[in-house]
Amino acid sequence: MSAGRKIFFVIASFIVGMSAVFVMLTYIVIRDSMDVMLQLSRKEELLEISESLTRYYTENGGSFAGVETEASAQEPVRKTGHQESILLVSPDQTLLLHQGTAQPKLIRNLGVMRELTADGKLIGKLYYYDTDVANLTKLRIGTPTSIAILLGGGALLFVLLSLGAAYWISRRLTSPLRALIPFIDRLGQGEYGIQAPVVSKDEYGKVALAFNGMSSKLKQAEVVRRNLVADVAHELRTPLTIVRGKLDLLQQSGQPIEPTGLLPVQDELIRLTRLVGDLHQLSLAEAGKLPLDVKPCDMTKLLQRLIERISPETEDKALVVRFTSTTANTTVPVDPNRITQVFLNLLINAIRYTPEGGDIYVSLHEDEDSKRLRIDIRDSGPGIDEEHLPYLFNRFYRTDQARARHQGGMGLGLAIAKELVDSHGGAIEVESRLGRGTTFKVSLPYLHPAS
């Protein structure tokens with residue numbers, strides 16, 4: 001059952017139930033009010049007659065025997081101005097007394113009844129009748145029924161109108177959801193990025209906004225997936241083509257293979273192994289399953305060892321690496337091997353893009369507000385265009401698409417660095433301006449998130 005029908009049935013059930021309760025309560029109140037009016041209209045006469053008959057019953061030894069003879073001896077018309085008729089029956093409905101011109105059945109149906117008791121015991125029922133009482137009784141019977149019929153008709157009309165309003169309300173309330181369903185179906189069919197109209201600012205509008213955001217993220221994820229497949233295929237195809245071409249050439253030559261002739265093949269196989277290893281490591285890091293051997297590590301000593309390690313490359317380009325630290329608190333809980341991989345990648349990038357004779361700056365700072373140690377690595381290279389900065393940590397992304405892939409790496413280094421830093425609870429960001437170099441900023445917490 002649709003949500004609109006559920007809302008309609010709930011509202012309809014409430015309206016019908018409340019209307020029925022209103023009609024029933026009104027009928028009961030009016031009927032009881034008319035009963036009270038009828039009893040009060042002949043209260044004195046009933047009291048006088050009932051006392052007389054009760055007294056006769058008591059004086060006659062607990063019997064109404066001879067009551068009809070006794071009543072006939074009295075004046076048939078009382079001095080009340082009413083033509084009275086009286087009917088007395090026993091508890092088992094045996095007729096004991098009938099006085100007046102009205103028929104017993106008429107007296108029972110249109111008269112006023114009063115129970116007679118003696119010593120707490122029911123001894124009979126007295127019915128009093130006259131024309132005014134008959135008219136009031138008819139009103140008591142007819143008025144509640146007429147009012148119930150009128151109220152029932154009015155309630156029926158009200159219910160019909162209310163059901164129409166309930167149907168309109170249910171359609172109105174569910175119309176944003178009905179409008180969203182086609183877009184959900186299209187998204188389910190693979191039309192990622194589709195956007196539904198946001199027509200309100202209430203909960204329905206929030207649902208539409210959430211749907212649009214989810215659709216956009218699915219589109220981005222699909223684009224990333226396709227690019228990843230294309231990039232992996234390209235990265236694998238290049239070394240495989242070289243290996244295949246080299247082997248074909250060696251086979252066609254028909255000459256014995258010198259060990260040096262297999263070096264290019266070995267280089268490409270090493271490249272393939274490194275690519276598969278990097279992809280595996282990146283997948284583990286993104287899934288949060290990368291094992292970490294966290295221990296306290298002095299970043300000053302670690303960075304100085306890395307600077308010494310890359311000294312042959314810096315000397316080849318006549319680069320100067322300048323190391324500074326503004327804090328003595330440089331020990332943070334990290335996995336030394338993983339963090340070494342991060343900063344080695346950043347330093348190699350800095351060497352690659354810094355022109356000969358340039359400078360590379362490595363600095364450490366303590367951020368007291370965030371309780372983190374920040375490590376900046378800045379080069380004096382050409383810088384990166386601002387349009388490339390948001391995508392710099394994506395897989396296989398290169399700022400220079402024309403650059404040969406075997407010359408500049410596979411485009412996984414920064415993506416891996418980001419995931420490794422994130423796995424330590426840290427953050428990495430980049431700042432760059434054309435012609436003014438690039439700065440990578442890594443912040444690591446003094447307390448590991450898992451501690």
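I took helices (H or I, at least four residues) and strands (E, at least two) as DSSP runs, numbered from the N terminus. On that basis I counted 12 helices and 11 strands in the chain. I note that the model is predicted.

**Chain overview.** I looked up burial and found that 36% of the 451 residues in the chain are buried. I then turned to contacts with a separation of 6 or more; residues 24 or more positions apart account for 68% of these.

**Helices α8 and α10.** I examined the packing of α8 (residues 299–309) with α10 (residues 336–353) and read an angle of about 50 degrees, the axes lying 10 Å apart. I therefore recorded α8 as oblique to α10. I entered the crossing of α8 and α10 as right-handed. From α8, I listed Met-299, Leu-302, Leu-303, Leu-306 and Arg-309; they meet Pro-336, Ile-339, Thr-340, Phe-343, Leu-344 and Leu-347 of α10. I sorted the residues of this contact into 9 nonpolar, 1 polar and 1 charged.

**Nonpolar cores.** I next consulted the largest nonpolar core, which has 44 residues; Met-299, Phe-343, Leu-346, Ile-377 and Leu-444 touch the most other members. I found that α10 gives this core its largest share, 8 residues. Met-299 and Phe-343 had already appeared in the contact of α8 with α10.

I followed Leu-444 further, setting aside its neighbours within four places in sequence. I found Leu-444 in contact with Met-299, Val-332, Val-334, Ile-339, Arg-372, Leu-373, Ile-375, Val-421 and His-424. Finally, I noted another core apart from the largest one; it has 17 residues, including Leu-46, Tyr-57, Phe-64 and Val-133.

Methods: Residues are numbered from 1 along each chain as its sequence is written. This is a predicted model: local features need pLDDT of at least 70, side-chain atom pairs count only at pLDDT 80 or more; totals for chains, interfaces and linings use all residues. Side-chain values use heavy atoms; hydrogens and water are left out. Axes are lines fitted to C-alpha atoms, for helices over the stretch in contact, and angles run from 0 to 180 degrees between N-to-C directions. Angles under 35 degrees count as roughly parallel, over 145 as roughly antiparallel, 65 to 115 as roughly perpendicular and the rest as oblique. A crossing is left-handed if the near helix is turned anticlockwise from the far one by less than a right angle, and right-handed if clockwise. Contact means heavy atoms within 4.5 Å. Ala, Val, Leu, Ile, Met, Phe, Trp, Tyr, Cys and Pro count as nonpolar, Asp, Glu, Lys and Arg as charged, and the others, Gly among them, as polar. A nonpolar core is a set of buried Ala, Val, Leu, Ile, Met, Phe, Trp, Tyr and Cys residues joined through side-chain atoms within 4.5 Å. Buried means under 20% relative accessible area, exposed over 50%, partly exposed in between (1.4 Å probe, protein chains only).
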